[in-house]
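Hi everyone, thanks for making time for this. I'd like to walk you through one model today, so let's bring it up on the screen.

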Amino acid sequence: MTDIRENWIFAEKSINKINSATFQLITKMKSISEIPVTVVLLESQADSFENEIKQYGPDKILTVKDDELDKADDVSVASALSGLIDKFGTPISFIFAATTFGRSVAPRLQAKLLTGLTADCLDLSFEDDLLVQTKPSYGDNIMCEIVIPDFKPQMATVRPNIFKAEKVFDDTTKIVEINDLNWDKDANIQITTHVLPAKTDENLATADRIVALGRGGKQDLNNANELANKINATVGVTRPLTDMDEFDQSQQIGQSGETVAPDLLINLGVSGSVQFTAGIENANTIVSVNTDKHAPIFKQSDYCFNGSSEDFLKALNKVL
Amino acid sequence: MKIVVGLKQVPETTNVKINEKTKNIDRRGVSGVINKYDRNALQTALDIRDVVGGTVIAMSMGPNDFAVSLQEALSLGADEAVLLSDRAFGGADTLATGYVLAEAIKKIGGVDLVIMGQQSVDADTGQMGPIVAEMLGISQVTYADEIQPKSDNELRIKRYDDNIEQEIIAKTPLMLTTTGNAGKPEYVNVVEIKNSFEKPLTTWTSKDMPVDSNRLGQSGSPTVVRRIMSPEPKERAGKMLSTDATKAAEELAGILHEENLLAEED
Ligand SMILES: Cc1cc2nc3c(=O)[nH]c(=O)nc-3n(C[C@H](O)[C@H](O)[C@H](O)COP(=O)(O)OP(=O)(O)OC[C@H]3O[C@@H](n4cnc5c(N)ncnc54)[C@H](O)[C@@H]3O)c2cc1C
Ligand SMILES: Nc1ncnc2c1ncn2[C@@H]1O[C@H](COP(=O)(O)O)[C@@H](O)[C@H]1O
């Protein structure tokens with residue numbers, strides 16, 4: 001198969017929108033390499049998500065318009081992607097967001113192409129055409145630098161919300177529409193329900209402001225809610241609090257929860273374990289409140305208050 | 001149904017550090033246990049078997065001491081166990097491991113369902129299920145939360161695709177990977193431990209399967225780990241606010257306004 005000098009990014013869709021991780025990946029790949037960026041988009045006939053994607057300035061968008069591929073299962077999508085590689089050639093890299101879908105389709109495609117894949121990367125860089133991938137293991141306690149020197153495409157899934165997406169204002173993206181792609185439909189899988197549950201929590205991953213409660217702040221939930229209302233923030237928690245009735249899993253920040261990137265994060269009674277701080281590195285400004293002046297969270301904070309979360313919340317709610 | 005469960009032995013704690021001298025992960029004194037999601041995978045298999053009948057085969061690729069975990073799987077209710085162990089398998093990445101697992105499943109023959117955990121807690125890749133499924137040419141449903149047999153060759157599955165709720169009807173042959181919500185693991189009872197020693201635990205090497213030696217171990221692994229590091233969290237300024245709560249709140253309110261952190265964006 002012919003090799004092509006392009007980096008490919010898979011455009012992931014949620015219901016009726018492109019997952020913002022896709023935009024983040026476009027900005028990142030453009031900033032680390034001169035190699036042209038191509039976005040691969042599978043969408044229904046009626047959709048035109050290419051118009052939104054092109055605002056982030058990829059060099060090319062390969063759009064496959066096919067109603068059946070729109071909400072297809074992993075096997076069908078992997079088959080379509082390998083069909084695109086058969087048609088256009090093997091790119092230097094092929095990058096996916098490390099979402100449930102990305103983490104399910106990418107390894108399936110990897111095994112078709114018999115190449116390497118690094119899961120859940122936190123950073124990417126290039127040394128010429130070699131993609132250097134930084135991946136955590138042992139529950140984020142260890143970082144590994146991984147390369148795929150002899151195989152193409154070099155594949156990776158990348159954790160969402162690690163990089164910031166930036167729109168660009170030139171309009172040079174080339175859009176290529178493909179109408180004759182061959183792919184195998186998986187007849188054994190029938191998706192009978194595909195819905196957003198009625199109760200969708202405010203989304204932590206995209207929140208501009210977050211008030212985070214840890215075990216030392218859980219008794220101050222009312223005051224914390226008052227603060228959150230005042231500054232229009234979303235409430236997040238550390239993992240131990242997800243066992244309480246008041247909170248659920250979708251509110252957890254950290255390695256096994258959400259990676260967040262708010263402008264402002266206020267931590268109340270959070271000690272600062274690596275599993276928690278893995279999720280907050282991209283916050284712009286971090287304020288932490290803790291009764292222990294040696295709490296590790298203070299090292300990861302811009303502003304620190306050494307004292308109780310109750311006193312601090314009451315005082316802050318008064319002045320804001 | 002003939003069900004194979006992929007089972008990995010992992011260190012009991014992931015709280016490991018890098019040894020400054022050897023630059024390797026220091027695992028001294030850390031014993032091995034069954035990867036927690038694989039307990040869910042195993043229990044899911046046992047629950048399905050108990051409804052539709054069949055056999056559950058626990059399978060693991062790794063050094064000889066992984067037999068301990070397979071023995072435990074037998075005492076938890078698996079009918080048979082297969083250990084895939086050979087020097088040639090060592091140093092394998094996910095692709096080379098998947099190859100051996102897939103070849104072993106082919107050798108068993110007539111397998112309807114393969115179940116793996118959503119990820120291993122040491123490697124954290126979650127790739128094995130989809131890789132093996134592709135190599136076997138069977139369908140897959142990953143991150144399954146609830147699994148119920150619908151008939152002899154169909155399962156009804158609930159899962160979340162990030163926050164999208166999905167219900168799926170899947171026909172066998174099939175690969176499933178399970179989250180921590182699937183098949184709540186049960187405890188071992190003493191009678192089962194005794195019985196487990198009567199059950200077959202077989203070891204296969206590269207000679208027992210028609211494998212291509214170029215696809216094994218390090219030589220069959222496209223990925224190369226160049227370096228391992230301790231994570232270095234970005235340290236921040238850590239400016240201490242006044243210890244008086246009222247003063248601290250006023251200071252912070254000033255900073256938040258000055259840095260425009262309370263403004264609404266589009
Ligand atoms: C594989 C794995 C994955 C994990 N993933 C995550 C994850 O994604 N997210 C996560 O959060 N955790 C995760 N954890 C758990 C993590 O290791 C920590 O146990 C957890 O983050 C600690 O939560 P905490 O800071 O709320 O509690 P603690 O560590 O108990 O800290 C409480 C803090 O509150 C302070 N405090 C007490 N009283 C007050 C008061 N009145 N006012 C102010 N401060 C007070 C204390 O000084 C202390 O610093 C994971 C663990 C493992 C093993
Ligand atoms: N060496 C192995 N032997 C058997 N099963 C494995 C092995 N490695 C991984 N698995 C299975 O694949 C799942 C995902 O592992 P991983 O891709 O390493 O995150 C695990 O939960 C196991 O079910």
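Let me begin with a question: which residues come nearest to ligand 2? Of the 19 residues around this ligand, the nearest are G6(B), D38(B), S120(B), T125(B) and G126(B). Before I go on, please keep in mind that what you see is a predicted model.

Let's stay with ligand 2 for a moment and look at its polar contacts. The side chain of D38(B) places an N or O atom 2.4 Å from an oxygen atom of the ligand. The backbone joins in as well: an N or O atom of the Q127(B) backbone is 3.0 Å from an oxygen atom of ligand 2, and for L7(B) a backbone N or O atom sits 3.3 Å from a nitrogen atom of ligand 2. How much of the ligand does the protein cover? On its own, ligand 2 has 490 Å² of accessible area, and the protein covers 97% of that.

Where does the shell come from? Strand 6, helix 3 (94–108) and strand 8 of chain B are the elements that give two or more residues each. Strand 6 of chain B has the largest share, with three residues. By class, the shell around ligand 2 holds seven nonpolar, ten polar and two charged residues.

Two of those strands take us straight to the sheet in chain B. Ten strands make up this open sheet, and if you want to trace it on the screen, the order is 13(A)-11(B)-10(B)-9(B)-12(B)-8(B)-1(B)-6(B)-7(B)-13(B), with mixed pairing. Its edges are strand 13 (189–195) of chain A and strand 13 (201–204) of chain B, each of which pairs on one side only. From one strand to the next, the twist averages 30°.

Now zoom in on one pair inside that sheet. Strand 9 (residues 139–151) and strand 12 (residues 174–178), both of chain B, run parallel and are joined by four bridges. As an example of the register, A144(B) has T178(B) in strand 12 as its bridge partner. Lying across strands 1, 6, 8, 9, 10 and 12 of chain B is helix 1 (residues 36–52) of chain B, which runs at about 150° to strand 8 of that chain.

While we are beside strand 12, have a look at the loop between strand 11 (164–171) and strand 12 of chain B, where P173(B) is found. The peptide bond between T172(B) and P173(B) is cis, with omega about 0°. Chain A has a cis peptide bond too, between K152(A) and P153(A), and there omega is about -10°. P153(A) has its place in the loop between strand 10 (142–147) and strand 11 (154–158) of chain A.

One more backbone detail: what is phi of N16(A) near? The value is near 60°, which is positive in a residue other than glycine. You'll find N16(A) in the loop between strand 2 (13–14) and strand 3 (17–18) of chain A. For context, most residues other than glycine have a negative phi, and most peptide bonds are trans.

Let's move to the other ligand. Around ligand 1 there are 25 residues, and R215(A), T238(A), Q252(A), S271(A) and N290(A) come nearest. Three backbone contacts are worth pointing at. A backbone N or O atom of R239(A) is 2.9 Å from an oxygen atom of ligand 1; for Q255(A), the distance from a backbone N or O atom to a ligand oxygen is 3.1 Å; and a backbone N or O atom of S309(A) lies 3.0 Å from a nitrogen atom of the ligand. Ligand 1 has 1000 Å² of accessible area on its own, and the protein covers 75% of it. The shell around ligand 1 divides into four nonpolar, 18 polar and three charged residues.

S309(A) also belongs to helix 8 (residues 309–319) of chain A, which lies across strands 16, 17 and 18 of chain A and runs at about 140° to strand 16. Those strands are part of an open six-stranded sheet with parallel pairing, in the order 15(A)-14(A)-16(A)-17(A)-18(A)-15(B). Strand 15 (234–237) of chain A and strand 15 (239–240) of chain B are at the edges with a single partner strand each, so one side of each has no neighbour in the sheet. Two bridges join strand 18 (residues 303–306) of chain A to strand 15 of chain B, in parallel, and C304(A) stands opposite M240(B) there.

That's my tour, and I'm happy to take questions.

Key. Residues numbered from 1 in each chain as written. Chains lettered and ligands numbered in written order. Predicted model: local features only at pLDDT ≥ 70, side-chain atom pairs only at ≥ 80, totals over all residues. Heavy atoms only, no water. Near = heavy atom within 4 Å. Polar contact = N/O pair within 3.5 Å; in protein donor to acceptor, adjacent residues only side chain to side chain. Areas by Shrake-Rupley, 256 points an atom, 1.4 Å probe, with all protein chains shown as cover. Nonpolar A, V, L, I, M, F, W, Y, C, P; charged D, E, K, R; others polar. Pairing = 2+ DSSP bridges. Axes fitted to C-alpha atoms, helices over the stretch in contact; angles between N-to-C directions. Contact = heavy atoms within 4.5 Å.
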